[in-house]
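Colleague: Please take one part of this model and go through it closely, then set it against the rest of the chain. A plain account will do.

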Amino acid sequence: MNEIKEILETRRTFYAFLFQMYVEAPNRKFVDDLVNERFNFEELSSLDVNADLTEGFRLLNKFMEKNKGKEVDALHEALLQEYTRLFIGPFRLPVQPYEAWWVSGELFGEALVKLKRDYRKVGIVKSHEYKEPEDHIAFELKVMQHLCEEGLASNTREQLKGYVTLQREFLDDHILKWVPTYCDALYTYERTDFYKGIAKLTKGFILLEDAVVSDLLETVR
């Protein structure tokens with residue numbers, strides 16, 4: 001159980017990091033850490049075992065090296081503007097970060113309805129403070145973070161098996177159906193090493209998750 005929970009903790013941390021990258025623009029403290037080399041991507045790289053993850057870490061470290069010692073407020077503003085362009089608008093988003101768009105070619109619709117049903121099945125309700133639809137990539141990453149946390153809090157092997165099973169189902173029914181393709185599109189469109197790196201990290205991690213969660217499920221059976 002201890003080894004399984006160590007894996008869950010590593011995954012929870014990675015999901016939390018990716019969620020933060022998609023839910024809002026990097027805050028000033030994060031940018032200050034980048035500029036002054038206080039943020040170490042190696043802390044997140046224990047899962048660095050595929051080409052996409054490797055390239056993601058390379059791009060983020062390249063971005064950090066390029067901007068080392070720069071004026072924090074200017075870089076923070078640049079990343080804020082880039083996040084706004086990619087995820088907020090006001091114009092049409094260049095790469096739609098919504099599951100429904102990638103599985104049905106339209107925003108909202110039946111894909112979002114199915115996703116809401118699956119959320120209810122596992123007892124997840126979106127906070128009214130969160131303005132985006134439930135199929136936004138940030139929210140789906142947050143759901144996986146939550147399921148990892150529930151697994152960590154499990155007191156029995158049967159409980160743990162239940163949460164790993166839910167993770168397997170959510171990956172198969174939702175995340176794996178669109179997130180890797182979305183990340184490829186974001187990487188191709190994007191100009192900055194920062195968000196190109198985030199796209200590669202996300203894709204690499206999700207592809208790795210496919211294997212890791214299957215292995216966990218076999219272990220807890």
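**The H6–H8 packing**

Modeller: The part chosen here is a pair of helices, H6 and H8, which are roughly antiparallel to each other. The structure is a predicted model, and every value below is computed from it. Helix H6 covers residues 109–121 and helix H8 covers residues 157–189; their axes lie 11 Å apart, at an angle of about 170°. Any angle over 145 degrees counts as roughly antiparallel, so the value of about 170° places the pair in that class.

On the H6 side the contact is made by Lys114, Leu115, Asp118, Tyr119 and Lys121. H8 contributes Glu169, Phe170, Asp173 and His174. By class, the residues of this contact comprise five charged, three nonpolar and one polar. An α-helix has 3.6 residues a turn, so residues three or four places apart point the same way.

Asp118 deserves a separate look. This residue belongs to helix H6 and takes part in the contact with H8. Its relative accessibility is 15%, so Asp118 counts as buried; the cut-off for that class is under 20%. Leaving out residues up to four places away in sequence, Asp118 touches Asp173 and His174. Between Asp118 and Phe170 the C-alpha to C-alpha distance is 8.3 Å, with their positions 52 residues apart in sequence.

The approach to H6 comes from the loop that follows helix H5 (99–104), and Phe108 lies in that loop, between H5 and H6. Phe108 has a phi near 65°, a positive value in a residue other than glycine. Most residues other than glycine have a negative phi. With 49% relative accessibility, Phe108 counts as partly exposed.

On the other side of the pair, Ser154 sits in the loop between helix H7 (137–152) and H8. Ser154 has a relative accessibility of 5% and therefore counts as buried. Apart from neighbours within four places in sequence, the contacts of Ser154 are Lys5, Gln159, Leu160 and Tyr163.

Now for the rest of the chain. There are nine helices and zero strands, and the order along the sequence reads α-α-α-α-α-α-α-α-α. The radius of gyration is 18 Å, close to the 17 Å that the globule rule gives for 221 residues, so the chain is as compact as a globular protein of that length. Along the principal axes, the C-alpha atoms fill a box of roughly 50 × 40 × 30 Å. Of the contacts in the chain with a separation of 6 or more, 74% are between residues 24 or more positions apart. Buried residues make up 48% of the 221. The exposed surface of the chain is about 10800 Å², of which carbon and sulfur atoms supply 52%.

Helix H2 (residues 28–35) is another element to set beside the pair. Six of its eight residues are buried, so H2 is largely enclosed by the rest of the structure. The buried residues of H2 are Phe30, Val31, Asp32, Asp33, Leu34 and Val35. Their cover includes helix H1 (2–23), helix H3 (51–66), helix H4 (72–87) and helix H9 (193–220).

Tyr22, in helix H1, is buried, with a relative accessible area of 0%. Not counting residues up to four places away in sequence, Tyr22 touches a list of residues that includes Tyr83, Phe87, His136, Leu141, Tyr182, Cys183, Leu186 and Ile198. Tyr22 and Tyr195 are 173 residues apart in sequence, and their C-alpha atoms are 9.8 Å apart in space.

Two residues with more accessible side chains or backbones close the tour, taken by their accessibility classes alone: Lys66 counts as exposed at 58% relative accessibility, and Ala211 is partly exposed at 41%. Lys66 is in helix H3, and its C-alpha atom is separated by 9.8 Å from that of Asp193, a residue 127 positions away along the chain. Ala211 lies in helix H9. The C-alpha atoms of Ala211 and Lys70 are separated by 40 Å, with the two residues 141 apart along the chain.

Methods:
Residues are numbered from 1 along each chain as its sequence is written. This is a predicted model: local features need pLDDT of at least 70, side-chain atom pairs count only at pLDDT 80 or more; totals for chains, interfaces and linings use all residues. Side-chain values use heavy atoms; hydrogens and water are left out. Axes are lines fitted to C-alpha atoms, for helices over the stretch in contact, and angles run from 0 to 180 degrees between N-to-C directions. Helices (H or I, at least four residues) and strands (E, at least two) are DSSP runs, numbered from the N terminus. Angles under 35 degrees count as roughly parallel, over 145 as roughly antiparallel, 65 to 115 as roughly perpendicular and the rest as oblique. Contact means heavy atoms within 4.5 Å. Ala, Val, Leu, Ile, Met, Phe, Trp, Tyr, Cys and Pro count as nonpolar, Asp, Glu, Lys and Arg as charged, and the others, Gly among them, as polar. The radius of gyration is taken over C-alpha atoms; the globule rule is 2.2 Å times the number of residues to the power 0.38. Buried means under 20% relative accessible area, exposed over 50%, partly exposed in between (1.4 Å probe, protein chains only). Accessible areas come from the Shrake-Rupley method with a 1.4 Å probe; for residues, only the protein chains shown count as cover.
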